[in-house]
Structures are given as structure tokens and as C-alpha cells.
Amino acid sequence: MQQIKAYGVSSADQALGPLQISRRDLGSNDVAIDIVFCGVCHSDIHQVRNEWGNSIYPMVPGHEIVGKVTALGAGVKRLKVGDKVGVGCLVDSCRECPDCKDNLEQFCSKPIFTYNCLEKDNKTIAQGGYSTKIVVHQDFVLSIPNNLPLDKTAPLLCAGITTYSPLRHWNAGLGKRVAIIGLGGLGHMAVKIAHAMKAEVTVLTRTLDKKEDAKRLGADDVFATSDPKTFEKLSRHFDLIINTVSVKLDWGEYLGLLKRDGSMVLLGVPSDAPQLHAFPLIMARRSLAGSLIGGIKETQEMLDFCGKNKITADIELIPIGKINEAFERVIKADVKYRFVIDIASLK
């Protein structure tokens, strides 16, 4: 076991601070990675503060990890020392269930998440990327395209795949009208990716304050949802709506913006459960669905797609010492559009 520097908490009421954690010795199929950057996801805040009620302490968050390979187990053949690699929300799974066999490890009944989870021995706490090093099974290590800068690529490991997966699954592309609800960490990635897929992209946001930004990111149009005329003008307009926000909305009102057979996909989790009448679904054979990150195969596909299309996140790079301030700013939506930690500040 190797002792390394990290940043985390020992209880829900603590601010993040320095911790020492252990990483396992290199196994035959393991990859040792020096972490260079780690993105900050809103789910880090939920889990650090036990807002979902399932937190395990001590906790080192972070599942948008990029770095360089420093050592390889004897069984690792596809990577070499010095390679640029990433680790997302998963570091293992059961490998045996139908979901795993379909390359959909995110739906495995026994997933091993990058942090706030027990490893396969059912006793070691998995710890995340707010740390200097990590050891991961080769099957869950992703290759980063050489043309993508590591700092701006880190958020692709969560925000990128979380938006790419539903856009791909619901066939966003040429001739499709796609609406993105919200222009935050997830929403700005959804706009970039949907645009690269050649869909017609509309951003639905509470006000028009971010209109210029939305257009810069690739939106064809922007509408304010605070204006009731928006819902009249866009009635039965979209093939697909990607809802990236975690606030309570009138889902029925938004479903009315879909064409017949259109789908609205939920990515955020509101703290209050919205109620939905059946009529908006029944009257146009619409669907309300959800999506969760992506499997390893699809995540690699997303990274390759982003490399081909030169897509990265818009970020604000911070030292680890500013992480508690960054958490508060994320809650206030005071970032354009994703914080990324420079792990050199922890060494």
C-alpha cells in the first residue's frame, strides 16, 4: 500500500482539507496514474455533504480524473508509461450481469464507483481524484486523444459522457431539433456535442442572460422559459429535450414542446419529486426517460468523438486550496462552466 496526499472530509459537516489515503499495490491488470487535473462535479458536493443519504467517510471526491500512466501491471498490454489517460465515474463492476455484458456497466447492480463506494473486497473505501495518484484496473482506464488539453478534457469524464450518451441513444443528428434545458456544467457540454452531431440546437434557460454564450457554444437559438410565450411558440417543436437541471420544473409544460413520439431525458435529480399528469405523454405518444453517465466503451467513443471535433469543456482552473470556495460558487451557478483542480497544487 502506498500513502498519498489527498483532499477530503471525515464527516458531512466538515470543510474539505488535507488527508492521507492509501492506494493499493499494483496488480497484474492495474494501471498506476499520476493525477494531473480533476474536475469538480455538483455530485461531489451532494456526496461530501451526505445530501443523498448514502455517504461513506472518510471521503475523497472526484470522478473527472486525467493524468499520465506511471506504471503498468504485467498483464497490461494496450497502454504504456507516459500515456495520457482518464478515469471517470466507474473503476470496476461485476463483469457478469447482462448490463456489463452489454457494455453498460453504469447500470450494473454492483458497480464500483470511483469514490463513496466499497471496492470489490467489500471493505476498502474507494477514494477519488482530489488526490495525487490512483491505481485502476486497465479495463476502466480511458485513453485521451493527443490533441485535447488535459485540463479542459477532465470534465468530459462525467459532464461529457452524461450528455453524449442520451444524445447518441436518442439519435440526435442532422434533421433533428434538440432542446437543452439549462446552460451549466452539463448544459454547455450538451450544446457543444449536439451541435457537433449536426442537430438543430435550442437552449431553454430562465432568462436570456447567457444568450451570447449559448450561441458561441453552438446553439442555433435561445429562449427564455420565464416568458410564457416561449411555450406557445415552441409547442410540438422538438424531437428531443435534454433536461440538465436539478431544480423542480413543470415537466408537463416542457413535454408539450415535443413533437409526436418525442422524448425528454432527465439528467438532473430535483430534491422535490415533481408530479406529472399522464395527458402530456398520452396525447402525442411522448416519452419521459432518464440517463446515467455511460459505459466504458461509450465513454471512449465520446472521447474519440470530442478529439475528432475538438470539443473540450469551458473551465476555470483552481488550486486545491480554493475547493471549498468553488463548492459554494457551484451551488450559486457562479462558474462558466466547470471547475477543474490543478493537482500540482496538492503535491
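Let's start in the middle of a sheet: N243 has L266 as its bridge partner in β16. On the other side of the pairing list, N243 is also the bridge partner of I181. Bear in mind that this is a predicted model.

**The strands around β15**

N243 belongs to strand β15, which covers residues 238-243. Five of the six residues in β15 are buried, so count this strand as mostly covered. Strand β12 (residues 177-181) pairs with β15 in the parallel sense, over four bridges. Strand β16 (residues 258-266) also runs parallel to β15, and five bridges join the two. As a reminder for anyone looking at the side chains here, those in a regular strand alternate between the two faces of the sheet.

**Helix α4 and what covers it**

Next up is helix α4. Nine of its eleven residues are buried. The buried set is A159, G160, I161, T162, T163, Y164, S165, P166 and L167. What sits over them? The cover includes β12, β15 and β16, along with α5 (185-196), α10 and β19 (338-342). After α4 comes N171, which has a positive phi, near 60°.

**Two aromatic pairs**

How many aromatic pairs turn up in a search of the whole structure? There are two. One of them brings us back to α4: the ring centres of Y164 and F305 are 5.5 Å apart with the planes at 55°, so this pair is tilted. Y164 is in helix α4 (residues 159-169) and F305 in helix α10 (residues 296-309), so to speak a link between distant parts of the chain, 141 residues apart. Both Y164 and F305 are buried.

The other pair is F231 with Y254, and this one is edge-to-face, at 5.1 Å centre to centre and 85° between the planes. It also ties together distant parts of the chain: F231 lies in helix α7 (residues 228-233) and Y254 in helix α8 (residues 251-255), 23 residues apart. F231 has a relative accessible area of 12%, so it counts as buried. Y254 is buried too, with a relative accessible area of 5%.

**Two buried spots worth a look**

V222 is part of strand β14 (residues 221-224). Is V222 buried or exposed? Its relative accessibility is 4%, so V222 counts as buried. Leaving aside neighbours within four places in sequence, V222 is in contact with V203, T205, L208, K211, A214 and K215. K210 is twelve residues from V222 in sequence, and their C-alpha atoms are 8.7 Å apart in space.

T132 is in a loop, the one between β9 (125-126) and β10 (133-137). Even so, T132 counts as buried, at 7% relative accessibility. Not counting residues up to four places away in sequence, T132 touches I4, K5, I33, D34, I35, I343, L346 and K347.

**Salt bridges**

Side chains of opposite charge can pair when their charged atoms come close. In this model the count comes to 20 salt bridges. Here are three of them.

| Salt bridge | Closest N to O |
|---|---|
| K133 and D34 | 2.7 Å |
| R95 and D92 | 2.9 Å |
| R260 and D261 | 3.3 Å |

K133 and D34 link distant parts of the chain: K133 is in strand β10 and D34 in strand β3 (residues 30-39), 99 residues apart. K133 is partly exposed at 27% relative accessible area, and D34 is partly exposed at 21%. D34 is also among the residues that T132 touches.

For the R95 and D92 bridge, R95 is partly exposed, with a relative accessible area of 32%, whereas D92 counts as buried at 12%. In the R260 and D261 bridge, R260 is exposed at 57%, while D261 counts as partly exposed at 36%. Elsewhere, K192, D213, R216, D314 and K336 are joined into one network by salt bridges that share partners.

**A nonpolar patch on the surface**

Finally, the surface. Which residues form a nonpolar patch there? They are L104, F107 and L292, with about 240 Å² of accessible area together. L104 is in the loop between α2 (98-101) and β7 (112-113). At 31% relative accessibility, L104 counts as partly exposed.

How values were computed
Residues numbered from 1 in each chain as written. Predicted model: local features only at pLDDT ≥ 70, side-chain atom pairs only at ≥ 80, totals over all residues. Heavy atoms only, no water. Phe/Tyr/Trp six-rings, centres within 6.5 Å; stacked < 30°, edge-to-face > 60°. Buried < 20%, exposed > 50% of the residue type's maximum accessible area, 1.4 Å probe, protein only. Patch = residues over 30% accessible without salt bridge, like charges linked within 9 Å, V, L, I, M, F, W, Y side chains within 5 Å. Areas by Shrake-Rupley, 256 points an atom, 1.4 Å probe, with all protein chains shown as cover. Salt bridge = Lys/Arg side-chain N within 4 Å of Asp/Glu carboxyl O. Pairing = 2+ DSSP bridges. Contact = heavy atoms within 4.5 Å.
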